[in-house]
Structures are given as C-alpha cells and as structure tokens.
Amino acid sequence: MSSIPGKETARQRSRLSADIVELLSSMRFAISLLTVISIASVIGTVLKQNEPMPNYVNQFGPFWFEVFGKLDLYTVYSAWWFLLIMAFLVVSTSLCIVRTTPKLLKDMRSWRENIREISLRNFHHQAEWVAPLARPALAQQTAERLAHSGYATRIVEKDGATLVTAKKGAGSRYGYIFAHSAIVIIMLGGMLDSELPIRFQQWAFDKTPFSGSGLISAIPEKHRLGVQNPTFRGNTQISEGQASDVAIIPQGEGVMLQELPITIQLKKFHIDFYSTGMPKLFASDVVVRDKETGKTFPATIKVNQPLLYKGLAVYQSSFEDGGTKLKVSGYPLTGSASAPFDIDGVVHESTPLKQAGDEYTIEWTGFRPFNVENVTGNDPRAVTQGESLNEQLARTLGQATGSAGKTANNKDLQNVGPSVQYKLRDKTGQAREYQNYMQPVTLDGVQMFLSGMRSSPADNFSYLRIPADDEYSVRDWMRLRAALHTPEMREQAARRYAERAMPNAGPSDQLAGQLAQSALKGINIFAGVEGDQGGFIAVARFLDQLPEADRENAARIYMKILNGTMWELWQAARAKDGLPPVPADQKHAQFLQLATNALADSVFYGAPVYLKLEEFTEVKASVLQITRSPGKTVVYIGCLLLTLGVFAMFYIRERRIWVWLRDDAQGSHALMAMSTQRKTLDFEQEFNDIKAKLPQTA
C-alpha cells in the first residue's frame, strides 16, 4: 500500500508535464507570443534604439525615463524579456513541429484504402456509371486514366470488389512543415545575430561597457571584445588620412569596443548633394590591411555597395566632420571694447576663453561647408522663424522695426554658405549652443549675419540678426554696440542730438538742455544702465509706469528721440575711429533700424562674445558600419523555406479520388468520389473533367 501514493504522484507529474507540453505547443500560446513580439517590435521601431541616455531624458522627462528604462524599452531587441519570449516561441513552434510532423507525413503516405462503399456515397462530389468491361480491366483502365491526369494510383482488392485509390498534391502538407520550420530557423538566425554572444561574454568573462571618455587606445581590456567575437554590429568614424581597427558597439550603460581583424584607412571621402541640400551620393576610398596576413588592398565603399571581406561587411553609414580647423574672430558683447581677437579651434575639440572676467570653454561641435535653406518662406527649416520678442515690443511701441524675419513669398532654396556650431560652457558647467553663419544672408533684400542660440537641444534656434555694414562686415554694428555701453559716448550722442534738433539754441538754452537730458535718459534705459537689462524690454517697463492714456503718445516720442540719438551715437563712434560720417539716406537709416533691433535682441543672446567664422580647412570623416552576421545565411535559408511553405500551403491543393468497382450484369459498376481540402472553381472543373473522362469506353 505504501507504493500507491508514489504512483499517484508520478501520474500527477506525468499529467503536469503533458499539460505543459500541450500548452507550449498549442496554437493559442504561439499566437499570444507572436502578438507580444509584434507589439515590442512596433515599440522598437517607433522609439529610437540605443540612443544616448540624455536624449531619452530630454524626450520623456526624468519620471518616464526611469519607467521606460526599467522595461528596457531603449534596447528592446536585446532586452531579457524579448529574448525570453523569442526562446519560448522557438520552443513552442518546435514542439508543434515535433508533434504534428509525424502525423502529416503519415497522412501524406497514406492511401486511405480502408474506406467503404457506403462512405463514398456520402461524398458531395461523386458519380456512378456501368462499363462493359470486366472488373480487373476496368480497374486497370481507371488507374491509367487517373495517372494520365497526374495522380498517383493504387489498386486494392476488396471482398467482391476492387478499390482504385488516387492522390495528387499531397506535398501541400510540406507547406505547414516548411513554414513552421522557417519561423524557428529565422528566430535562431536572429538570435545568432543578437547581443546574446556579447551578453554571454559580459557574464562569463566580466566584460563591462565603457562609460567614460578618453583615447580609444587607453581604454582597458575589460571593455573590449576580441577579434573572435562571433557576431557584432558597430560603427567606426574615420577622418581623412586616419585609420581605425576598432568598432564602437552602443550599450545602454556606455559602449563596448570591438577589435577588428582589419585596419581601415580613409584616403578620401566623396559627397555630392541635391539642389535641396540633401546628400545624393557619398562614398569612401579606403585602404584595407589584413592584420593576420599583412595583405593590403584598396576599396571604395558606397551606400548599398558594402565591402565584404572574411565574414565582415563594411557599410557606408553616414558622414561627420573629421576635425575641421577653424579661424574665428571674437567680438566682445560686453563692455566698451569693440576690437576683435583671434581664436583658433578644431571641430570636436575645446578652446578656453576668458572674457569679461569670467572663464568659458568653447566646445566646437560641428561645421557645415554649405547650408541650403529657405530663408524667407514658411518652410520649417527656415533659418529665421518670425519676429523676435524685442521686435514685437518695438512694434507695440509704435515704431515699425523692419524685421528681417518677416514672412516673404520667395519659395526658392538658397545656399547661405558655411556655418559653425559650438557650445559655450561657463565655469558652473552650464552651456548654450550656437550656430553662426560665415557669410551674410539676404533677408527681404537686406544682408544679415545670423547667429542662432538655444539653451537645450530640444529647442529650435532663436537667431540674432546683425545687419551687414557697407563693408559687408559686423564691425559697424560692433562699433555701435561698444559706444552704447560707453557713458561718454552716450552723453556725446545726446548732446549732438539736441544740437541737431535745435540748431538755433545757444549753449545756455534751457529747452535744449532738457532735450539733451531726455535723450540721455532714453538711451540709458535702452542701454540697460537704469537698473534693467536694457533693450525694448526695459523701454516697455519704463512706459508701463506712465498713465495708460499717455503711453501711446509717449512711446511715439520716445522712439523718435531714441532713433535720433542712436544715429548720433553711430556717427560719434565712427568719428572716434577716424571714419567719415555716413550719409543720411534710406539705406543707412534702414541699417540703423535693424542694428537697433539687433542690440535689443543681444540682451537675450546669453554670451559675452560673438564668434565670426573667418577661415576654415575642412576635414571630412566617414562613418562606417561594420558587421559580422553569421545568422544572416541562416535567416536567408529560413526565408526560402517560408516562401516555399507559403507557396505550398496556398497554391498546392491536395485532391483524392476513390473508385469502387464491383461486378455487374452488364460488366462492372463504378462508384467514384472525390475530395479536397479547399473547394474552388478549379476543383469543380477538375471533378467534372474526371467524371467525364473515366466512364469513356474508348
């Protein structure tokens, strides 16, 4: 009796195992897994994978960044839960194949000869006839005619009867086997090319991602993967004249370095553009050296034309700046100095800067040799997008500011020349990003130097628009800015304005003195020496202190005095530098108007210096994607099987025919029945042809 509980436990375990196998191999379980994989694939497609973590923080915010990070949504295809689901799907499909394949093969080989006459009479497609032939002769004739129609036949003797059984299209059952086997093979191939080998090395050999900075040659061995790594997908950026033998593999916590069995030297990078500024063609002329054999050979890598060598595929991915050398003039935007100073920089490097008693670092982030932009239309790529805040304030003050950013009707794209992009970081680590164009851009018929600024990569650039002077430079504007921040120059400008406005007034004229004081106060408010940051914001706050009924008239008078004082300030600044006065014409009046707007905008610029690109020596860099994909061939085999399987299931129809023969007084009686898995018009036509063909006596 003591053995009975043990037997019962064994039966329970056996039933549990059978239930688990039944669940894993069920169609519902497989469809559920496929649904989850499809949803995960959609997430992995919509959400950019393997981006730097700060990008996700900026996009989703700290809270959702943490939530999505816990779910591994930033690396969906290498997430543990995704690989686990893939493994379950492989097991489920494999069990399904193991359970079903023997039955399918057995059914394909079966002639189904145990059928009876009464069963054939229940078929929907059946026919009867009497032939003047003996039963053996009729059986042989029927088998030959069915064989002529492409059927495999067998004659089986029954008690007092003969059965001719025929089949055609049994290969459709292979479609099921091929299609399900293809799913397993494709997933195995995908897992071969996944990060599983890298994850295994991280677990088994204590490999860890590198999250710091520095020279690649100085990165420790624990962050590197060996040449024998079976599968990887990484990028390498090579500047012209430089070489690389390492690929960078992005990881969630940093990067892994993949040692390559070859060294790639970039000799020349080629790029052509469409008229819209989009790249049309880019290619890399390289020299490849095999580390093992020392063999070297040239090659050209183009988009969709990779270099294939010893299991490696090297693709042309994109291009970057390779360290362009820059010569820049720095113009102070604080204090009374206007003389420029020289700065040398290299893209992707940093340059220290001391300005206005503070220390800054210029991080040169990018250079573009030309920019094709819509400078006047409503194109979202337009370099100027609407009026600035100060221009709107100036308009409300009753002065038409002549914004260079107004919408125009010109739909043509223009090449506005080179630009440099950099970050200006202060000693606290805070940084703003700038984009400065080398050449003046024509906006509504006026040439302007554009300098974009933004505080976050998620923001659009806001542009400071500096009008070009008669020499197509920014020097006159810088001269005016410096004079605006010089007390003596402001006082001189106020006096000159009063003298010009009242030419007949004597030195002791009280009214002229009051006008000079009013002009000085107005320009001081605009310059920001009245306790505010200056610009039209300060003017608006000053006017807000007046009674509402008087504001419109006061604004009109203020802007008239300010414009006149700024004109005299400009002339005084030029005289100080030994330059002749400019004529009082429409062209120079427009310049002063735009210069005043730019001075008002400059209080929001957030930098103590304006950097003007003067010269550059461009150095291009090619970004190559290097892969080793042993699973690619496996996936191709799976795709071939999937194609064959789908073709077999949809285009091969299994048909079976049974003809029951028995003796009759007139010769032999025949009963034919025909069946198929899918009834179509073609099947109906074939049945009618067979029904007409078999009874023929000739």
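The paragraphs below lead through a predicted model, from its confidence to a sheet, its nonpolar cores and its aromatic pairs.

Across the protein the pLDDT averages 86, and 92% of the residues score at least 70. One stretch to read with care is residues 377–410, where pLDDT stays under 50 and for which the model has 84 contacts beyond four places in sequence.

A good place to begin is an open sheet of 5 strands, whose order is E1-E26-E25-E3-E2 and whose pairing is antiparallel. Its edges are formed by strand E1 (125–131) and strand E2 (152–158), each of which pairs on one side only. Neighbouring strands of this sheet are turned against each other by 15° on average, with direction ignored. Within the sheet, strand E3 (residues 161–168) and strand E25 (residues 655–664) run antiparallel and are joined by 8 bridges, and Leu 163 stands opposite Trp 660 in E25. Helix H6 (residues 135–148) packs on this sheet, where it touches E1, E2, E3, E25 and strand E26 (667–676), and its direction makes about 5° with that of E3. Helix H17 (residues 681–693) also packs on the sheet, touching E1, E3, E25 and E26, with a direction that makes about 170° with that of E26.

In soluble globular proteins, nonpolar side chains tend to be buried together. Here the largest nonpolar core has 68 residues, and among those with the most contacts inside it are Trp 364, Phe 526, Met 566 and Tyr 610. Helix H14 (residues 548–576) supplies the largest share of this core, 11 residues. Leaving aside residues up to four places away in sequence, Met 566 touches Leu 480, Leu 484, Ile 523, Phe 526, Leu 592, Thr 596 and Leu 599. A second, separate core of 25 residues includes Ile 264, Leu 266, Phe 269 and Ile 301.

The whole structure holds 28 aromatic pairs. In one of them, the ring centres of Phe 29 and Phe 88 lie 6.4 Å apart with their planes at 80°, so this pair is edge-to-face. Because Phe 29 lies in helix H2 (residues 27–46) and Phe 88 in helix H4 (residues 80–109), the pair ties together parts that are 59 residues apart in sequence. Phe 88 is partly exposed, with a relative accessible area of 36%. Tyr 331 and Tyr 610 form a tilted pair, 6.5 Å centre to centre and with 40° between the planes. Tyr 331 belongs to strand E12 (residues 325–332) and Tyr 610 to strand E23 (residues 609–617), so this pair ties together parts that are 279 residues apart in sequence. Tyr 331 counts as buried at 5% relative accessibility, and Tyr 610 counts as buried at 0%.

Definitions and conventions:
Residues numbered from 1 in each chain as written. Heavy atoms only, no water. pLDDT = per-residue confidence, 0-100. Contact = heavy atoms within 4.5 Å. Pairing = 2+ DSSP bridges. Helix = DSSP H or I, 4+ residues; strand = E, 2+ residues; numbered from the N terminus. Axes fitted to C-alpha atoms, helices over the stretch in contact; angles between N-to-C directions. Core = buried A, V, L, I, M, F, W, Y, C linked by side-chain atoms within 4.5 Å. Buried < 20%, exposed > 50% of the residue type's maximum accessible area, 1.4 Å probe, protein only. Phe/Tyr/Trp six-rings, centres within 6.5 Å; stacked < 30°, edge-to-face > 60°.
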